[in-house]
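Here is my note on the model you sent. Please read it with the structure open beside you.

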Amino acid sequence: MPDDDILTIAKELVEVTRLVDADDFGATLDRFVARIVRTIPGCDAATITVRSTESVETVVGGADLGFDPLSPGPVIEAVTFTEPRRLDDANTDQRWPAFSTQLINGGFHGCLALPLATHGEEHAVLTLFSRKAGQFDDLAYDVVLLLTLNAGVAFDNATLYHDSQQLVGQLQAALRTRSLVGRAQGLLMRHFEYDSEQAFDTLRRASQNSNTKLRDLAELIVNAHDDGRFDQEVDKLALFAANSG
C-alpha cells in the first residue's frame, strides 16, 4: 500500500478524534469506514463491531452486508479474544461453516477482523470484507499496525502522531455514545410513536435548550428507564424540547 494512502487513513483517524466532542461521531465513523473501503485494495465492505459487558453490536457498516456478521465466526472471535482472525476463502476454509455460507450468500468470499487496542470493558474490531478470495494476505500487517496505534513511524507529522494517541479512548467514548443515543431514540419512539428522525430531533432540541450534552441526556433517559423513572424524565425532556428559548 502506498505511504500516501496510509497517511490519508491516519488523517481520517485524527478527524474521528476531533469531531467526537461535537457529537458528529456517527457521520465521522461512517466516513472513516468508507475511506477504508476506498483505500484498501481488495476491500469491498467494512464494519466496526463493539463488545461491551452487555452485548455485541455492529455499529458501522452492518446494514450494507446482506448477512449477519455476528453469527459465530471470525468477527465474534476477534472481538471476544482481541486477536486478529482471517478467512481467506469461504469456499475452502472449514473453521466456521455457517458463517462461510452466509458470507458467500452475501456475495463475499474473504474477511479480515482486526482488533482495536481499547483499554476498557469494551472491545472493538474493524472487519474488512472482500468479494474475492485471498485478498488480504499482503495487507494484514500494515493495517493492524496502523489501527492498533503502533504505526507512529508511518506518520511524518509529529502532531498527527500525537493526536493519534488519543484515538482509542475517543473511539471508545464515541461508540458508547452512539449506543446510548440509539437506545434513547428507541425509548422515545415507543413512548411517543415517533419515527427515528423525530426521536433524534427531540433529543437534539432538548440537549440544546437544556445546555446538556447529547450523550449525557441520552444516558439520563436510558438510566431513568432502567430505574423506573422514565415517565418523569421524559416529561422533562419534552418540556426542554418544546422550549424555544
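The points below go from the whole chain to single residues.

1. Basis of the note. This is a predicted model, in which local features need pLDDT of at least 70 and side-chain atom pairs count only at pLDDT 80 or more, while totals for chains, interfaces and linings use all residues. Residues are numbered from 1 along each chain as its sequence is written, and side-chain values use heavy atoms, with hydrogens and water left out.

2. Confidence. pLDDT is the predictor's confidence in each residue, from 0 to 100. The protein chain averages 76, and 69% of the residues score at least 70. Among the elements, helix H4 has the highest mean pLDDT, 95, and helix H6 (residues 158–164) the lowest, 39. Residues 19–23 stay under 50, and the model gives them 11 contacts (heavy atoms within 4.5 Å) beyond four places in sequence. Residues 148–165 are also below 50, with 25 contacts beyond near neighbours in sequence. Please keep these two stretches in mind when you look at the model.

3. Overall make-up. The protein chain has 10 helices and five strands; these are DSSP runs numbered from the N terminus, with H or I and at least four residues for a helix, and E and at least two for a strand. Of the 245 residues, 45% are buried. Buried means under 20% relative accessible area, exposed means over 50%, and partly exposed is in between (1.4 Å probe, protein chains only). Among contacts between residues at least 6 apart in sequence, 59% join residues at least 24 apart. The accessible surface, from the Shrake-Rupley method with a 1.4 Å probe, comes to about 12,200 Å², and 47% of that belongs to carbon and sulfur atoms.

4. Aromatic pairs. The structure holds five of them. Rings of Phe, Tyr and Trp (its six-membered ring) pair if their centres lie within 6.5 Å; planes under 30 degrees apart are stacked, over 60 edge-to-face, and the rest tilted. In the pair Phe67 and Phe99 the centres are 6.0 Å apart and the planes are at 85°, so the pair is edge-to-face. Phe67 lies in the loop between strand E2 (56–60) and helix H3 (74–81), and Phe99 in helix H4 (residues 97–105), 32 residues apart.

5. A second partner for Phe67. Phe67 and Phe129 also form an edge-to-face pair, with 5.8 Å centre to centre and 80° between the planes. Phe129 belongs to strand E5 (residues 123–130), so this pair ties together parts that are 62 residues apart in sequence. Phe67 has a relative accessible area of 10% and is therefore buried; Phe129, at 0%, is buried too.

6. The cluster. Which residues do the ring pairs link into a cluster? They are Phe67, Phe99, Phe108 and Phe129. The charged end of Arg131 sits over the ring of Phe108, 4.2 Å from its centre; the test is NZ of Lys or CZ of Arg within 6 Å of the ring centre and within 35 degrees of the ring normal.

7. Helices H8 and H9. Thr202 lies in H8 (residues 196–210) and counts as buried because its relative accessibility is 3%. Apart from neighbours within four places in sequence, Thr202 is in contact with Leu188, Tyr194, Leu237 and Ala241. The buried residues of H9 (residues 214–227) include Leu214, Arg215 and Ile221. Gly228, with a positive phi near 80°, follows H9.

Conventions. Expected span 1.5 Å × (residues − 1).
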